[in-house]
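Me: I should be grateful for a close look at one part of this structure, namely the cavity enclosed within it. Please then place that part in the context of the chain that surrounds it.

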Amino acid sequence: MQIQLSWIDPNTGNRREPILETPVAIGRQFSAMPPQNNGQRVSRIAIEDDLIADYHALIDWQNQELIIISQNTPNGIQVNGVQLNNGSLDNGDRLQIGSCEIVVNFTPTVSSGECDRMVGFLFKRRCGRTDRIDCPHCNPTYQEDYAYYSGYGDYHSGCWGSDYYYNRDRYYYNPETGNVDFTEADAMSLENEYDGDFEQNMGAS
Amino acid sequence: MPIELSQFRKNLLYAVQAPLVNVMHDLQTLSEIDSLAERQQKKYGKQALFSFIGGIVLFIFAIVVSDKGGIAIALFFTTLALLIFSIYALVRRSKFKHLNIGNYRYNLTKQVVQMLARDMDTASIFDINLSFQAIEKKEHLISTNSHPHKSGWKIDSFLHEWLIIKSQFLDKTRFELRLTGMAKKQYGWKRGSSGKSKYKSKSKSGGLDIDLSLTYPQRRYGAVKIFKNEINDAIKLPQTSILRGLRVTEKAIQISVRLAPQFAEDEYAVYQTITSMFLSGYQVLNLAKLIAK
């Protein structure tokens with residue numbers, strides 16, 4: 001299920017309103033949050049705030065209700081001003097995590113008349129306008145825009161960067177040190193691999 | 001900031017730090033100044049031509065009727081007046097010549113700025129330096145060498161950085177785009193078959209260099225380093241241009257491209273190249289962002 005979280009970024013002051021698939025992890029360090037939870041891909045939200053733990057909370061849809069689970073952080077979570085560790089969430093609830101107030105909406109606020117296209121020329125972002133009339137960004141077609149660079153934004157097989165794209169979940173980028181490494185999950189998958197399989201995969205006879 | 005016409009006439013330079021709306025307004029003003037200058041040049045050119053032709057016709061007519069004293073004198077004076085007016089019109093025409101700037105430069109700037117603004121905040125400030133000076137001017141001379149084949153001849157080389165655009169995208173990546181025109185001029189004395197010496201000069205374009213620098217936020221795009229050595233393959237350019245340099249550091253990507261002389265003033269080819277350079281850079285950065293997540 002999709003939910004929309006809205007908050008003001010404490011560093012930039014910009015409003016953020018992503019629509020995300022549950023489960024959703026919230027924390028300060030992107031890499032500290034799990035990429036998967038019970039076999040489901042986790043949408044990870046990183047908010048740079050000293051009062052937010054590296055992996056602070058998880059929002060998930062369980063037994064037909066949306067719940068929030070604090071990840072044993074000292075600062076905890078407040079839902080509509082009430083301090084708690086775990087709890088269910090209703091549409092429009094306000095979460096206080098660190099210095100950030102996050103509003104939870106079950107139904108995305110993109111109405112039928114609102115443009116939900118991803119716009120931007122060099123990098124994509126949601127349009128968010130209430131109509132498409134005279135919008136300079138909504139109207140050009142992909143072909144018109146990227147006629148000078150066929151396959152722009154495509155990293156699939158045969159395109160530039162396809163190997164990196166397909167293995168993107170295996171990389172771990174540490175913004176503090178600037179190092180890029182394989183993730184722990186990937187290292188574990190290598191550990192679990194039987195020696196025979198490993199040799200076969202390497203093309204040994 | 002409104003364009004100071006007297007200042008602009010002196011240095012033919014448009015330099016501004018302003019948001020898109022102001023820049024577009026100024027570029028529109030420049031195009032209006034240019035078209036006014038073109039119209040005035042045409043008008044005074046026609047006046048000079050017609051008054052000159054009229055003067056000649058009247059002069060011939062005055063000779064024909066030279067036996068009729070009074071009429072002939074009147075015709076001679078009218079001829080003189082027309083020739084003086086013709087010279088005056090030519091002088092006026094030459095005054096507007098300076099303001100008749102090349103459409104290509106402001107049209108291209110307008111297109112590029114509009115393209116870049118799509119990924120910028122509307123309040124973001126563009127830092128623009130747009131010069132309309134000719135490339136072959138003394139102040140742009142970088143070297144003078146002897147001609148390799150013609151004795152006594154020399155070759156002057158010129159470099160003129162006529163467009164610089166700097167600003168920042170919404171993703172906090174700062175960009176700097178520089179367009180540098182190149183030209184060569186050979187000159188010297190040539191002896192004709194009759195034995196007379198004539199001073200000759202010949203100019204040709206040396207092409208156009210386009211340099212783009214994208215200084216990106218490391219937190220967002222720092223993973224660029226893992227495909228640092230393969231970035232060359234991500235650069236796609238039109239056939240009119242060639243890649244001259246590519247430098248990737250921890251903080252920036254720098255792409256240098258050269259356009260062949262025949263395309264150096266081709267608005268479409270230059271815009272196509274600039275767009276391709278930005279798209280190539282972001283083909284790399286967008287993948288880095290996917291990995292850095």
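Reply: The largest cavity holds about 40 Å³ of space. The model is a predicted one, and a search of the whole structure finds one cavity of 30 Å³ or more. Chain A contributes Tyr173(A) and Gly178(A) to the lining. From chain B, the lining includes Tyr216(B), Gln218(B), Gly222(B) and Lys225(B), together with Thr249(B) and Glu250(B). By character, the lining residues of this cavity comprise four polar, two charged and two nonpolar. Tyrosine counts as nonpolar in this grouping and glycine as polar.

Chain B may now be considered as a whole. Its fold has six helices and eight strands, in the order α-β-α-α-α-β-β-β-β-β-α-β-β-α from the N terminus on. The chain has 293 residues, of which 43% count as buried. Its exposed surface is about 15,600 Å², with 56% supplied by carbon and sulfur atoms. Of the contacts in chain B between residues at least 6 apart in sequence, 67% join residues at least 24 apart.

Thr109(B) offers a view of one buried position in this chain. Thr109(B) lies in helix 4, which spans residues 103-117 of chain B. Its relative accessibility is 0%, so Thr109(B) counts as buried, the cut-off being under 20%. Leaving aside residues up to four places away in sequence, Thr109(B) touches Leu27(B), Leu130(B), Leu163(B) and Ile165(B). With Ile165(B), the separation is 56 residues in sequence, while the C-alpha atoms of Thr109(B) and Ile165(B) are 8.8 Å apart in space.

Notes:
Residues are numbered from 1 along each chain as its sequence is written. Chains are lettered from A and ligands numbered from 1 in the order in which they are written. This is a predicted model: local features need pLDDT of at least 70, side-chain atom pairs count only at pLDDT 80 or more; totals for chains, interfaces and linings use all residues. Side-chain values use heavy atoms; hydrogens and water are left out. On a 1 Å grid over the protein atoms alone, a cavity is a set of points where a 1.4 Å probe fits but cannot get out, and a pocket is an open set with protein on both sides within 12 Å along at least five of seven lines; lining residues have an atom within 4 Å of a point. Grid points are joined across faces, edges and corners, and a volume is the space filled by probe spheres set on the points. Helices (H or I, at least four residues) and strands (E, at least two) are DSSP runs, numbered from the N terminus. Buried means under 20% relative accessible area, exposed over 50%, partly exposed in between (1.4 Å probe, protein chains only). Contact means heavy atoms within 4.5 Å. Accessible areas come from the Shrake-Rupley method with a 1.4 Å probe; for residues, only the protein chains shown count as cover.
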